[in-house]
Amino acid sequence: MAFYSENPRFYVAVDCIIFGLVEGKLCLLLTKRKFEPEKDKWSVMGGFVQNNESADDAARRVLSQLTGLKNVYMEQVQAFSSVHRDPGERVISIAYYALLGPEEYDVDLLDQHSALWVRLEEIPHLGFDHPLMVERALDKIRGKLTTEPIGFKLLPELFTLFQMQTLFETLLGASIDKRNFRKRVLDTGCVVKTDLIDKTGSRRGASLYRFDARKYNSLTKFKI
């Protein structure tokens, strides 16, 4: 149709900002580009939307190829469309963030893609507009962290309150009063103490807790 043919065509890509806990530390999954543009620069994981895909489908495909998982928690961040954001071609990219639980990925697949976990405080210089993507993804997560249970997507099935507080402090970029935080967490009724003890940090150990999804689903309001 003339209406379509008279207008320019662009490439559409997806970029996945993937967060995970590795050895108790919040990390971002990165790779070094092996081709131009931005060859040898660190990058988040991404790919182009294919003819038979929606943007969501493309993001799920990228995540599945990297992790071996089909149901990774992800959410769209926003579209990035600056004219010169990609020096190779005009590319509009739709960014997503994804949250992986500990060991919730295929290590061999990560190796195949030369993907590495990098601690949040040690992120190197990234190519393209990926630093802005990471910043916007973190803003989106911070906006939901205390009103939706997305933080539990990163924690192991059993966790200590110290692990939970450390994760929240890392994501929020601020320290949290220990006593108030623990009271707010337990007041939700969704964080349940188990009979198990984690003794990896001290001889005395710390109680292990779990997230009760059924309890959460019965609530009318959730806030930490």
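**Packing and empty space in the model**

Apart from its neighbours within four places in sequence, L26 is in contact with F19, G20, L21, V118, R119, L120, L154, L167, T170 and L171. This picture, like everything that follows, comes from a predicted model.

L26 also helps to introduce the largest nonpolar core, which has 40 residues. Together with I17, F19, Y97, L154, M164 and L171, L26 belongs to the group with the most contacts inside this core. Strands β1, β2, β5 (73–80) and β6 (91–100) each supply at least two of the core residues, and so do helices α4 (130–145), α5 (161–172) and α6 (178–187). The largest share, six residues, comes from α4. A second, separate core has 22 residues, with I18, M45, A59 and L110 among them.

Next comes the space that the atoms leave empty. Rolling a probe the size of a water molecule over the atoms reveals where such space is left. The largest pocket holds about 640 Å³. Its lining is made of 31 residues, and R33, F35, S43, G46 and G47 lie nearest the centre. At least two lining residues come from each of β1 (11–22), β2 (25–32), β4 (45–48) and α2. Sorted by class, the pocket lining has 12 nonpolar, 10 polar and nine charged residues.

As for cavities, a search of the whole structure finds one of 30 Å³ or more. The largest cavity has a volume of about 40 Å³, and R60, L63, S64, L69, K70, V72 and M74 line it. Helix α2 (residues 55–67) gives the largest share of this lining, three residues. By class, four of the cavity-lining residues are nonpolar, one is polar and two are charged.

Key. Residues are numbered from 1 along each chain as its sequence is written. This is a predicted model: local features need pLDDT of at least 70, side-chain atom pairs count only at pLDDT 80 or more; totals for chains, interfaces and linings use all residues. Side-chain values use heavy atoms; hydrogens and water are left out. On a 1 Å grid over the protein atoms alone, a cavity is a set of points where a 1.4 Å probe fits but cannot get out, and a pocket is an open set with protein on both sides within 12 Å along at least five of seven lines; lining residues have an atom within 4 Å of a point. Grid points are joined across faces, edges and corners, and a volume is the space filled by probe spheres set on the points. Helices (H or I, at least four residues) and strands (E, at least two) are DSSP runs, numbered from the N terminus. Ala, Val, Leu, Ile, Met, Phe, Trp, Tyr, Cys and Pro count as nonpolar, Asp, Glu, Lys and Arg as charged, and the others, Gly among them, as polar. A nonpolar core is a set of buried Ala, Val, Leu, Ile, Met, Phe, Trp, Tyr and Cys residues joined through side-chain atoms within 4.5 Å. Buried means under 20% relative accessible area, exposed over 50%, partly exposed in between (1.4 Å probe, protein chains only). Contact means heavy atoms within 4.5 Å.
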